[in-house]
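Here are my notebook entries from an afternoon with a structure that was new to me. Come along and look up each spot as I go.

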Amino acid sequence: AILRLCIQFLIQISISTVNCSASVSKSIARAFDDSILADYPNVDGIVPLTHSTGCGMAGSGSRHYEQLTRTLAGFARHPNIGAYIILGLGCEVASAENLIHDRGLTNVTINGQYVGEGHIDGNAPIHMTIQESGGTRKTVERGVAQLKELLPQANKAVRTEVEASELILGTECGGSDGNSGVTANPALGIAGDMLIACGGTSILAETTEVYGAEHLLTRRAKSPEVGRKLIELIKWWEWYASTFDVKIDNNPSPGNKAGGLTTIYEKSLGAVAKGGYAALSAVYRYAEPVTEKGFVFMDSPGFDPPSVTGMVAGGANVICFTTGRGSCYGCKPVPSIKICTNTPTFERLSDDMDINAGVVLEGVPVEEVGRHIFDTILEVASGKKTKSELHGIGDEEFIPWQIGPVL
């Protein structure tokens with residue numbers, strides 16, 4: 001299959017290294033209205049990536065720090081990002097300098113050490129701090145000026161035809177119900193298998209939502225090592241949850257239960273169906289770059305925003321999100337295709353749903369719905385807007401998974 005893969009180009013106004021720079025990042029983004037962007041038709045928008053952490057944690061070498069910087073760098077390198085600046089306060093643990101150095105975001109040397117390739121024309125990414133720039137107002141003015149200079153460079157990017165094998169699909173389920181494992185999830189699994197047959201990649205995540213059904217994945221692992229890696233994640237989650245005096249087998253939300261799911265095992269059996277039937281090629285840490293083709297697994301929590309954030313940081317360029325109770329999730333800079341498990345919810349939330357998999361309950365073969373999902377993936381990758389994109393949803397859904405203590 002051939003498709004136009006360049007989904008959208010977003011100026012990522014600033015990768016906020018710390019929550020202390022979040023408000024300034026948003027202020028910079030608000031300075032760019034449609035009148036400015038009208039001269040740059042290949043740029044879809046300005047996105048502030050802000051979060052709630054970045055300091056009050058252990059530094060380089062700690063799992064929290066490594067996971068955060070891996071996530072930030074993953075978004076910086078994402079093919080849907082046309083250009084970016086990095087903005088911090090100036091005294092945080094996850095500083096701009098550390099992010100650049102630790103994740104190789106430049107092609108220059110820092111303290112004599114080569115740290116990787118640059119982002120635009122081989123140049124080091126622009127980074128600044130509020131403390132060094134002279135405060136909030138001056139930082140906003142400087143950030144706006146820098147982005148205006150980057151707009152012409154980002155606008156040079158144009159769509160090109162590539163093979164469907166370049167697609168990395170992220171699969172997610174949220175607001176699940178008793179129909180999820182019967183309609184939308186298995187149909188999505190079929191679509192994922194079709195993409196894999198084209199040489200592409202499909203990611204299954206949400207470790208806490210495969211709990212109790214992990215044997216269905218390990219028996220498909222291409223090697224014992226891959227299977228053991230997944231089991232190690234399950235054991236880690238059991239330990240991690242126990243440190244907070246909770247259990248991961250109590251995962252179903254009140255909405256899940258109202259929709260007919262009573263245990264994590266019911267929920268997991270349905271969630272695993274999103275993975276289709278292909279062999280499990282690899283297991284990745286959260287936000288780790290996905291390099292293997294085929295069906296892969298990424299460690300993540302079941303909570304939708306941090307789970308999808310990790311997959312996008314890993315390289316996912318299309319998200320398929322199944323839901324029975326309803327969801328309005330969006331994730332800039334990646335389109336999110338909503339697949340509803342039942343017709344009543346689809347009709348009630350028609351402004352937010354893209355595909356109705358509930359027709360399976362009315363007699364339509366699940367394979368036919370899977371083909372429809374696959375065709376929609378190709379259409380969206382070629383530029384068709386999803387409902388969440390038309391609503392402009394996605395500015396607030398960047399949620400890196402936090403696993404360390406606040407110090």
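**Entry: the loop between α9 and α10**

I started at Lys 247, which sits in the loop between α9 (224-242) and α10 (254-258). A reminder to myself: this is a predicted model. Is Lys 247 buried or exposed? I found Lys 247 exposed, at a relative accessible area of 65%. I then looked up its separation from Glu 367: the two are 120 residues apart in sequence, and their C-alpha atoms are 36 Å apart in space.

The loop between α9 and α10 also holds Asp 245. I noted a positive phi of about 60° for Asp 245, although this residue is not a glycine. Most residues other than glycine have a negative phi, so I marked the page. Asp 245 is exposed too, and I wrote down 72% for its relative accessible area.

**Entry: another positive phi**

Next I went to Ala 287, in the loop between β11 (280-284) and β12 (294-298). Its phi is near 65°, again a positive value in a residue other than glycine. Is Ala 287 buried or exposed? I have Ala 287 down as buried, because its relative accessibility is 1% and the cut-off for buried is under 20%.

**Entry: strand β12**

From there I stepped along to Met 298, which lies in strand β12. Met 298 is buried, with a relative accessible area of 0%. I checked Met 298 against Glu 66: they are 232 residues apart along the chain, and 16 Å separates their C-alpha atoms.

**Entry: helix α12**

How many residues of α12 are buried? I counted through the helix, residues 304-313, and 10 of its 10 residues are buried. Among them are Asp 304, Pro 305, Pro 306, Val 308, Met 311 and Val 312. What covers the buried residues of α12? My list of covering elements includes two strands I had already met or would meet soon, β12 and β13, along with α3 (63-77), β9 (168-173) and β10 (201-204). After α12 comes Gly 315, and I noted its positive phi, near 125°.

**Entry: His 78 and its contacts**

I moved on to His 78, found in the loop between α3 and β4. His 78 is buried, with a relative accessible area of 2%. Which residues is His 78 in contact with, leaving aside its neighbours within four places in sequence? I wrote down Val 312, Gly 315, Ala 316, Asn 317, Pro 333 and Val 334. Val 312 is one of the buried residues of α12, and Gly 315 is the glycine that follows α12.

Pro 333, another contact of His 78, earned a note of its own. I found it in the loop between β13 (318-323) and β14 (336-340). The peptide bond from Lys 332 to Pro 333 is cis, with omega near 10°. Most peptide bonds are trans, so this was a nice one to stop at.

**Entry: strand β4**

Strand β4 runs over residues 81-88, and I picked out Ile 85 in it. Ile 85 counts as buried, at 0% relative accessibility. I also looked up Ile 85 and Asn 356, which are 271 residues apart in sequence and 39 Å apart in space, C-alpha to C-alpha.

**Entry: helix α4**

In helix α4, residues 96-103, I noted four buried residues: Ala 96, Leu 99, Ile 100 and Arg 103. They lie on the same side of α4, because they cover an arc of only 95° around the axis. Just after α4, Gly 104 takes a positive phi of about 60°.

**Entry: stepping back**

To finish, I looked at the whole protein. Its secondary structure comes to 15 helices and 15 strands. The C-alpha atoms fill a box of roughly 60 × 50 × 35 Å along the principal axes. The radius of gyration is 21 Å, which agrees with the value near 22 Å for a compact globule of 407 residues. I noted that 58% of the 407 residues count as buried. Of the contacts between residues at least 6 apart in sequence, 72% join residues at least 24 apart. The protein exposes about 16300 Å², and carbon and sulfur atoms supply 52% of that. My last look was at the charges: the mean positions of the 33 positive and 45 negative ones are 2 Å apart.

Key:
Residues are numbered from 1 along each chain as its sequence is written. This is a predicted model: local features need pLDDT of at least 70, side-chain atom pairs count only at pLDDT 80 or more; totals for chains, interfaces and linings use all residues. Side-chain values use heavy atoms; hydrogens and water are left out. The radius of gyration is taken over C-alpha atoms; the globule rule is 2.2 Å times the number of residues to the power 0.38. Buried means under 20% relative accessible area, exposed over 50%, partly exposed in between (1.4 Å probe, protein chains only). Contact means heavy atoms within 4.5 Å. Accessible areas come from the Shrake-Rupley method with a 1.4 Å probe; for residues, only the protein chains shown count as cover. Lys and Arg count as positive and Asp and Glu as negative; His and the chain ends are not counted. The place of a charge is taken as NZ of Lys, CZ of Arg, CG of Asp or CD of Glu. The arc is that of the directions from the helix axis to the C-beta atoms.
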